[in-house]
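This report describes a protein model at the level of its residues and their contacts. Please consult the sequence and the structure shown here while reading.

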Amino acid sequence: MNPDKVYIAVSDWLIRVLSENKRLLWFLFVLNLTCIVNLYMIFDFRSIPVESLKSFALLAVYLLSEVLVTIAILRLLPEIFTRLIVALTVIFFCVDAFALTMYRSVFDKGMFQVLLDTNIQEAAEYIGDYSSVLSTKIFYAVLLVIVIAPIIKAGIAFTDWLLSFNVRFLRIFSILSAMSFALVWAVAGLNFFLVNNPLSIIRISCLIPRAFEEIREYREVYENLDSVKVEITRNESELPLVVFILGESTNRNHMGIYGYDKPTTPNLQRRLDAGELILFTDCISGATETMPVCQRMFTFYDNRG
């Protein structure tokens, strides 16, 4: 089999997929930009700006590649699958956008576990407590929808320009798209590819069964706690007793000692003024739920790994 003929046949087919699905390509791309927004929120901008731009650019190109390959795969399936993917992507975009604005993170398995553990009363109280905040977020969401349309239109115009003037570039991009899709899967591993995927439909679809699995494991641990005997075999510390106080569901953005505009932590503030506290200002939680945080808190876990 002639490699050149295979290259031309595959690239031409992907170019045809692109030319016939320009609107769908950019629609799915824009609805998956939440992954890039999440990177913007966690990125350390004290580093070299050029490196920051490279990270965003690479993620955007990889996201475009994934959307193109996904559309190519959907072309081989009945149209109902395309409609389903679009519908789920719209829903997951709304979920990710809400999580980003409220908690500065895309939807993860910890948030899904919280949803499973809640009830109607708690949900109603949550909506009541955050009704004013939610209305503000909805207002911003409407503005975002208004902005999305011109972005899609500009993307379509850009694609038309490429299709008209630079077919060679599109051939290279289409082949690299398929290769990057396969390369990340093969090198980084299937688990990394699925969990850290910029496409929300892949990422969330894989997080949900993982959340159910962790819930099952937690229940097994709780059921066997009474049968486990914990014994300290050696203690070389000169301290007779160490007490750890964990603040469950504490948000530093609502704490006065961290700059909140209301005096919500007067006692801690007095201790801080007296030099009895050490205030950490550059820490990142290892997870969004309590159990994994406690597992990593007392170890040398590096959240950057």
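The sections below treat the nonpolar core, the aromatic pairs, the salt bridges and the surface.

The model is predicted, so to speak of local features pLDDT of at least 70 is needed, side-chain atom pairs count only at pLDDT 80 or more, and totals for chains, interfaces and linings use all residues. Residues are numbered from 1 along each chain as its sequence is written, and side-chain values use heavy atoms, with hydrogens and water left out.

## Nonpolar core

The largest nonpolar core comprises 43 residues, and Leu25, Trp26, Phe29, Val67 and Ile71 have the most contacts inside it. Such a core is a set of buried Ala, Val, Leu, Ile, Met, Phe, Trp, Tyr and Cys residues joined through side-chain atoms within 4.5 Å. Helix α4 (residues 49-75) supplies the largest share of this core, 10 residues. Helices (H or I, at least four residues) are DSSP runs, numbered from the N terminus.

Leu25 is in contact with Leu18, Leu64, Val67, Leu68 and Ile71, leaving aside neighbours within four places in sequence. Contact here means heavy atoms within 4.5 Å.

Val17 is placed in helix α1 (residues 3-20). With a relative accessible area of 1%, Val17 is buried; the term buried applies under 20%, exposed over 50%, and partly exposed in between (1.4 Å probe, protein chains only). Residues up to four places away in sequence not being counted, Val17 touches Ile71, Ala72 and Arg75. Val17 and Leu68 are 51 residues apart in sequence, yet their C-alpha atoms are 8.0 Å apart in space.

## Aromatic pairs

A pair of aromatic rings is described by the distance of the centres and the angle of the planes. Rings of Phe, Tyr and Trp (its six-membered ring) pair if their centres lie within 6.5 Å; planes under 30 degrees apart count as stacked, over 60 as edge-to-face and the rest as tilted. The whole structure contains 4 aromatic pairs. Among them, Phe112 and Phe212 are arranged edge-to-face, with 5.6 Å between centres and 75° between the planes. This pair links distant parts of the chain, since Phe112 belongs to helix α6 and Phe212 to helix α11, 100 residues apart. Phe112 is buried at a relative accessible area of 13%, whereas Phe212 is partly exposed at 44%. Phe107, Phe112 and Phe212 form one aromatic cluster.

The rings of Phe158 and Trp161 are stacked, because their centres are 6.2 Å apart and their planes lie at 25°. Both residues, Phe158 and Trp161, lie in helix α8 (residues 131-165), 3 residues apart, which is about one turn of the helix. Phe158 is partly exposed, with a relative accessible area of 44%, and Trp161 is partly exposed at 46%.

## Salt bridges

The structure holds 8 salt bridges. A salt bridge is a side-chain nitrogen of Lys or Arg within 4 Å of a carboxyl oxygen of Asp or Glu. The table lists examples.

| Pair | N to O distance |
|---|---|
| Lys22 and Asp160 | 3.3 Å |
| Glu79 and Arg83 | 3.2 Å |
| Arg203 and Asp96 | 2.6 Å |

Lys22 lies in helix α2 (residues 22-31) and Asp160 in helix α8, so their salt bridge ties together parts that are 138 residues apart in sequence. Lys22 is buried at 19% relative accessibility, while Asp160 is partly exposed at 32%.

Glu79 and Arg83 are 4 residues apart in helix α5 and are therefore separated by about one helical turn. Both Glu79 and Arg83 are exposed.

The bridge of Arg203 and Asp96 links distant parts of the chain, with Arg203 in helix α11 and Asp96 in helix α5, 107 residues apart. Arg203 and Asp96 are both buried. In addition, Glu213, Arg216 and Glu220 are linked in a network of salt bridges.

Asp96 is also one of the residues touched by Ser105, together with Asn38, Ala99, Leu100 and Met111, when residues up to four places away in sequence are not counted. Ser105 is found in the loop between α5 (79-103) and α6 (109-117), and Ser105 is buried at a relative accessible area of 17%.

## Surface

Leu239, Val242, Phe244, Leu246, Met297 and Phe298 make a nonpolar surface patch of about 630 Å². Patches are made of residues with over 30% relative accessible area and no salt bridge: like charges are joined within 9 Å, and nonpolar side chains (Val, Leu, Ile, Met, Phe, Trp, Tyr) within 5 Å. Accessible areas come from the Shrake-Rupley method with a 1.4 Å probe; for residues, only the protein chains shown count as cover. Leu239 lies in the loop between α11 (200-224) and α12 (266-273), and Leu239 counts as exposed at 54% relative accessibility.

Conventions: Helix = DSSP H or I, 4+ residues; strand = E, 2+ residues; numbered from the N terminus.
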